[in-house]
Amino acid sequence: MHTFDSVLDHINEIIYEPHQFIVSSIKQEVQNSEYAAGLFTLSSRSAIKTARGRVAKQTTTKIGQFVTFWEKDTTGINQPFQYDQSPDLLVITTFKDNHTFGQFVFPKHVLLKHNILQSHFTKGKMGMRVYPSWDKPTSNTALKTQNWQLDYFFTVTDTGILPTEKIRALYEL
């Protein structure tokens, strides 16, 4: 099982440090710990972004990987994350095997557009399925979802060659 700290350490070593992104303000989110959940800040010389991290889980019955993101309201009821209170980015790490993983880096305005974050105009969701480039969904709904998600996805393999331009564009740092 992945922990927030172990995943963040791994991502920091492989992605953030080589791009001179500095990780700070690290806080684990206990309520979603089975998804290695946490909050952190990324900074570079030119920008600072707040982020919420998750690790998606492979399910046995469907193509794609599942991830949750919810919080408790003041009465203790689970609810979707609020747009106004959400970090700049939702970073979902997906693992294919020991040599390949990927990241979805969704800006919060994209999550609002796809009705994932709650606002005055959207109900929001408490979880969703993500479809990395190596997944081959067959349903029309899954294909449409993968189509928009892949604009915010990159893959890392053990070749040591990183998709630097895409990483910088997605993180905007």
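**Figure 1. Close-up of A47 in the loop between β2 and β3.** In this predicted model, A47 is buried, with a relative accessible area of 19%, where buried stands for under 20% relative accessible area, exposed for over 50%, and partly exposed for the range in between (1.4 Å probe, protein chains only). A47 and Y171 are 124 residues apart in sequence, yet their C-alpha atoms are 9.6 Å apart in space. Strands here are DSSP runs of E with at least two residues, helices are runs of H or I with at least four, and both are numbered from the N terminus. Residues are numbered from 1 along each chain as its sequence is written, and side-chain values use heavy atoms, with hydrogens and water left out. Because the model is predicted, local features need pLDDT of at least 70 and side-chain atom pairs count only at pLDDT 80 or more, whereas totals for chains, interfaces and linings use all residues.

**Figure 2. Overview of the chain as context for the close-ups.** The chain has four helices and 11 strands. Its radius of gyration is 15 Å, close to the 16 Å that the globule rule gives for 173 residues, so the chain is as compact as a globular protein of that length; the radius is taken over C-alpha atoms, and the rule is 2.2 Å times the number of residues to the power 0.38. Along the principal axes, the C-alpha atoms fill a box of roughly 45 × 40 × 30 Å, and buried residues account for 48% of the 173 residues.

**Figure 3. Close-up of A51 and R54 in strand β3.** A51 is buried, with a relative accessible area of 1%, and R54, in the strand spanning residues 48-55, also counts as buried at 1% relative accessibility. From A51 to F106 the separation is 55 residues in sequence and 9.6 Å in space, C-alpha to C-alpha. For R54 and K96, the corresponding values are 42 residues in sequence and 15 Å between C-alpha atoms.

**Figure 4. Close-up of the salt bridge between E29 and R52.** The closest N and O atoms of E29 and R52 are 3.2 Å apart, a salt bridge being a side-chain nitrogen of Lys or Arg within 4 Å of a carboxyl oxygen of Asp or Glu. E29 lies in the loop between β1 and β2 (38-43) and R52 in strand β3, so the pair ties together parts that are 23 residues apart in sequence. Both E29 and R52 are buried.

**Figure 5. Close-up of the salt bridge between E34 and K57.** The closest N and O atoms of E34 and K57 are 2.9 Å apart. Since E34 lies in the loop between β1 and β2 and K57 in strand β4 (residues 57-58), the pair ties together parts that are 23 residues apart in sequence. E34 counts as partly exposed at 46% relative accessibility, and K57 is likewise partly exposed, with a relative accessible area of 32%.

**Figure 6. Close-up of the salt bridge between K49 and E172.** The side chains of K49 and E172 meet at 3.7 Å, N to O. This pair links distant parts of the chain, with K49 in strand β3 and E172 in the segment after α4 (164-171), 123 residues apart. K49 is buried, with a relative accessible area of 17%. Elsewhere, salt bridges that share partners join E29, R52 and R54 into one network, and a search of the whole structure finds four salt bridges.

**Figure 7. Close-up of two residues with positive phi, S25 and N115.** Most residues other than glycine have a negative phi. S25, which is not a glycine, has a positive phi of about 50°; S25 sits in strand β1 and counts as exposed at 55% relative accessibility. N115, also a residue other than glycine, has a phi near 60°; N115 lies in the loop between α2 (108-113) and β10 (127-130) and counts as partly exposed at 41% relative accessibility.

**Figure 8. Close-up of a patch of negative charge on the surface.** The patch gathers D5, D9, E13 and E17, of which E17 is found in the loop between α1 (4-16) and β1 (22-28). Patches of charge are made of residues with over 30% relative accessible area and no salt bridge, like charges being joined within 9 Å.

Note on methods. Patch = residues over 30% accessible without salt bridge, like charges linked within 9 Å, V, L, I, M, F, W, Y side chains within 5 Å. Areas by Shrake-Rupley, 256 points an atom, 1.4 Å probe, with all protein chains shown as cover. Lys, Arg positive; Asp, Glu negative; His and termini not counted. Charge placed at Lys NZ, Arg CZ, Asp CG, Glu CD.
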